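Please look through the model below with its charged pairs and its helices in mind. The paragraphs that follow go from one salt bridge to the parts around it.

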Amino acid sequence: MAKALDPHAAIVTEAGGLDQGGTLKTADGRPLKAALARSSRRARRRAFLLVLPLLLFVLITFVVPIGQMLQRSVKNDGFSANMPQLSAWFHDNPRGTEPDDAAWAALAADLTAAAQARTVGVVGTRINYDMPGTRSLFTSAGRQARGGIEPPYREAILEMDAKWGDPRLWSVMREASSPYTTNFYLAAVDRTRDEQGEVVAAPAQQQIYGKLFLRTFWLSLAITATTFLLGFPVAHLLATLPMRQSNLLMILVLLPFWTSLLVRTTAWIVLLQQQGVVNDVLVWLGVIGNNQRLQMIFNQTGTIIAMTHILLPFMILPLYSVMRTINPSYVRAARSLGATSWTAFRRIYFPQTLPGLGAGALLVFILAVGYYITPALVGGSSGQLISNMIAMHMTQTLNWSMAAALAALLLGGVLILYWVYDRLVGIDNLKLG
């Protein structure tokens, strides 16, 4: 016997609700599940199109440059592309093989071709990165080889300069015969390769990058600690003052953002130099003698003072945003239960500020690690950071591969510290506001 249809179900069916089989339908007769899936896809597509300009901007201005930097740190074809015959000889003969007549012939042919193509300077520059002082050797040989080199090639090239017989030079050329190399990373950690290709410590007078990395991280930690010591009381005062006074003090905190970085840095030069305002005041007060003026600029002290002033708001603002939300009744309750002011602060108030402290410390430290202008102006020789060395290789020595290797190591160090912070504190506990 056929079932009688519920009159209410019939009405829903006609309006596009349930069909005879109990499947939900839309008003136009399509299955509701398919319609919802289509609507969800349309919403996701619309959201993707909205963020697409930002994604393209980040990809073009951030991801692609970092990728190119990482590639340049391991790739430099200045030698291999312009000395193809000698590079082929290196590839066909294992390390330790003495240069034979074929090797000298390949060197002569490549020197002649590079001289005629005016690329011998590029070749010399590439070898000079690994063996300083050799660029002039290549440019001199290139000038003499423009008309060609006559056999016997070994004697002819050695007659140009006896340095061509140096085994160290041939070892470096072997390393450069491949466009891909790890030598720039080795140099960035004060290591090099000997004539047998073994990794050894660089000469003592060339070991500078390790010290710079240590100085960079030490100064960044010192600046982070100083901004915390100065910023915590200010943030607490901002959080506890009435809103009117708090807003007025906040203007003073934000004032450095409205002043040029160059102006702020040069102002510290005026204040801290030996004939500057600070020393004049100390002499006037009798704290120091006129011939005992303090050297507070063009050293690490000047770097710490100037960068602390510049980065202080990045510590205060996250701390203030967290302290503003802390209920003062917690501390009052601890005091009423017999806790001293120090105990209440240490066990009740301070732990609640840790998310803001973590955010501020992370911001200040990462910014300090990569700062360039301020250390360059006020740091002198002892206050320079690794970023200044990267800039020097980019603008003066034009050793972009070395600059890329240093920058990659700096980026890796920051990422490792970020990972350690996440493991110890938890990135989920970080609060910026």
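With which residue does Arg-126 form a salt bridge? In this predicted model, the partner is Asp-130, and the closest N and O atoms of the two are 3.0 Å apart. Both residues belong to helix H5, where, being 4 residues apart, they are separated by about one helical turn. An α-helix has 3.6 residues a turn, so residues three or four places apart point the same way. Arg-126 and Asp-130 are both buried; for Asp-130 the relative accessibility is 18%, and buried here means under 20%. Beyond its neighbours within four places in sequence, Asp-130 is in contact with Arg-168, Val-172 and Asn-183.

Two of these contacts, Arg-168 and Val-172, are among the buried residues of helix H8. Because 9 of the 10 residues of this helix, which spans residues 167–176, are buried, H8 is largely enclosed by the rest of the structure. The cover over its buried residues includes helices H3, H4, H5, H6 and H9 as well as strand S1. At the start of H8, a side-chain oxygen of Asp-166 comes within 3.0 Å of the backbone nitrogen of Arg-168.

Helix H8 also takes part in a salt bridge of its own, in which the side chain of Glu-175 meets that of Arg-95 at 2.3 Å, N to O. Since Glu-175 lies in H8 and Arg-95 in the loop between H3 and H4, the pair ties together parts that are 80 residues apart in sequence. Glu-175 counts as buried at 15% relative accessibility, whereas Arg-95, at 36%, counts as partly exposed. Arg-193 joins Arg-95 and Glu-175 in a network of salt bridges.

A further salt bridge links the side chains of Arg-293 and Asp-280, at 2.8 Å, N to O. Here Arg-293 is placed in the loop between helices H13 and H14 and Asp-280 in H13, so the pair ties together parts that are 13 residues apart in sequence. Arg-293 is buried, with a relative accessible area of 15%, while Asp-280 is partly exposed at 34%.

The surface offers another view. Leu-54, Leu-56, Phe-57, Val-58, Leu-59, Ile-60, Phe-62, Val-63 and Val-64 form a nonpolar patch there, with about 840 Å² of accessible area together. Of these, Val-64 lies in helix H2, residues 32–74, and is partly exposed, with a relative accessible area of 38%. An unreviewed UniProt entry places the feature "transmembrane region" at several spans, including residues 47–67, 304–322 and 398–421. In the model, residues 304–322 are 100% helix, with end C-alpha atoms 26 Å apart, and residues 398–421 are 92% helix, with end C-alpha atoms 35 Å apart.

How values were computed: Residues numbered from 1 in each chain as written. Predicted model: local features only at pLDDT ≥ 70, side-chain atom pairs only at ≥ 80, totals over all residues. Heavy atoms only, no water. Buried < 20%, exposed > 50% of the residue type's maximum accessible area, 1.4 Å probe, protein only. Helix = DSSP H or I, 4+ residues; strand = E, 2+ residues; numbered from the N terminus. Contact = heavy atoms within 4.5 Å. Polar contact = N/O pair within 3.5 Å; in protein donor to acceptor, adjacent residues only side chain to side chain. Patch = residues over 30% accessible without salt bridge, like charges linked within 9 Å, V, L, I, M, F, W, Y side chains within 5 Å. Areas by Shrake-Rupley, 256 points an atom, 1.4 Å probe, with all protein chains shown as cover. Salt bridge = Lys/Arg side-chain N within 4 Å of Asp/Glu carboxyl O. UniProt positions renumbered as here; feature names shortened; annotations may be inferred.
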